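Good morning, and thank you for coming. I would like to take you through one model and consider how its helices are arranged.

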Amino acid sequence: MIENKKLALLRILDILKEESDINQPLKQEDIVQKLSDVYGIDIERKAVGRNISLLREAGYEIENTRRGCFLAER
């Protein structure tokens, strides 16, 4: 199934909710791969970073570490 790129923001949030935590952060490259594999959305790594910034601006607590990022709130 191929989805519209405009849904990437919501799908990134879904991926962070379902597959990340403090013990298992996701790198932007991992998120790019999951978007492509699961949703058929092809975007660049930098676009993932911009979308994560938008989610932070919207009030989601997304933490960044050297190992990747994760959704801190549940």
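In this predicted model, the axes of α1 and α3 lie 10 Å apart, and the two helices pack at an angle of about 80°. That makes α1 roughly perpendicular to α3. On the α1 side the contact involves A8, L9, I12 and L13, which meet V48, N51, I52, L54 and L55 of α3.

Please keep α1 in view and turn to its packing with α2. Here the angle is about 105°, again with axes 10 Å apart. The relevant range for the term "roughly perpendicular" is 65 to 115 degrees, and α1 and α2 are therefore roughly perpendicular to each other. From α1, the residues that make this contact are A8, R11, I12, D14, I15, L16 and E19, while α2 contributes I31, K34, L35 and Y39.

The remaining helix pair is α2 with α3. Their axes come within 9 Å and cross at roughly 100°. That makes α2 roughly perpendicular to α3. In this pair, Q28, E29, I31, V32 and L35 of α2 meet R45, V48, G49 and I52 of α3.

Let me now take the helices individually, beginning with α1. How far apart are the end C-alpha atoms of α1? They are separated by 16 Å, which agrees with the 16 Å that 12 residues should span at 1.5 Å a residue. The buried residues in α1 are A8, I12, L13, I15 and L16. Around the axis they cover an arc of only 160°, which puts them on the same side of α1. As a reminder, an α-helix has 3.6 residues a turn, so residues three or four places apart point the same way. The partners against which the buried residues of α1 pack are α2, α3, β1, at residues 62-65, and β2.

Next is α2, which runs over residues 28-39. Its 12 residues reach 16 Å from the first C-alpha to the last, close to the 16 Å expected. Which residues of α2 are buried? They are I31, L35 and Y39. Viewed down the axis of α2, these buried residues fall within an arc of 40°, so they line one face of the helix. That face packs against α1, at residues 8-19, α3, at residues 45-57, and β2, at residues 68-71. After α2 comes G40, whose phi is positive, near 70°.

As for α3, its 13 residues should span 18 Å at 1.5 Å a residue, and its end C-alpha atoms are 19 Å apart, which agrees. Buried in α3 are A47, V48, G49, N51, I52 and L55. The buried residues of α3 pack against α1, α2, β1 and β2. This helix, too, is followed by a glycine with positive phi: G59, near 105°.

I turn now to the core. In soluble globular proteins, nonpolar side chains tend to be buried together. In this model, the largest nonpolar core has 18 residues, and those with the most contacts inside it are I12, I31, L35 and I43. Two or more residues are given to this core by each of α1, α2, α3 and β2. Which element supplies the largest share of the core? That is α1, with five residues.

One of the core residues deserves a separate remark, namely L35. Leaving aside residues up to four places away in sequence, L35 touches A8, R11, I12, I15, G40, I41, I43 and V48.

Finally, two positions outside the helices. The first is E61, in the loop between α3 and β1. Its relative accessible area is 44%, and E61 is therefore partly exposed. E61 and L35 are 26 residues apart in sequence, and their C-alpha atoms are 21 Å apart in space. Beyond residues up to four places away in sequence, E61 touches F70, L71, A72 and E73.

The second is K5, in the segment before α1. Is K5 buried or exposed? With 54% relative accessibility, K5 counts as exposed, since the threshold is over 50%. K5 touches I41, D42 and I43, with residues up to four places away in sequence not counted. Between the C-alpha atoms of K5 and L71, which are 66 residues apart along the chain, the separation is 21 Å.

That concludes the presentation, and I welcome discussion.

Definitions and conventions: Residues numbered from 1 in each chain as written. Heavy atoms only, no water. Helix = DSSP H or I, 4+ residues; strand = E, 2+ residues; numbered from the N terminus. Expected span 1.5 Å × (residues − 1). Buried < 20%, exposed > 50% of the residue type's maximum accessible area, 1.4 Å probe, protein only. Arc of directions from axis to C-beta. Contact = heavy atoms within 4.5 Å. Core = buried A, V, L, I, M, F, W, Y, C linked by side-chain atoms within 4.5 Å. Axes fitted to C-alpha atoms, helices over the stretch in contact; angles between N-to-C directions. Parallel < 35°, antiparallel > 145°, perpendicular 65-115°, else oblique.
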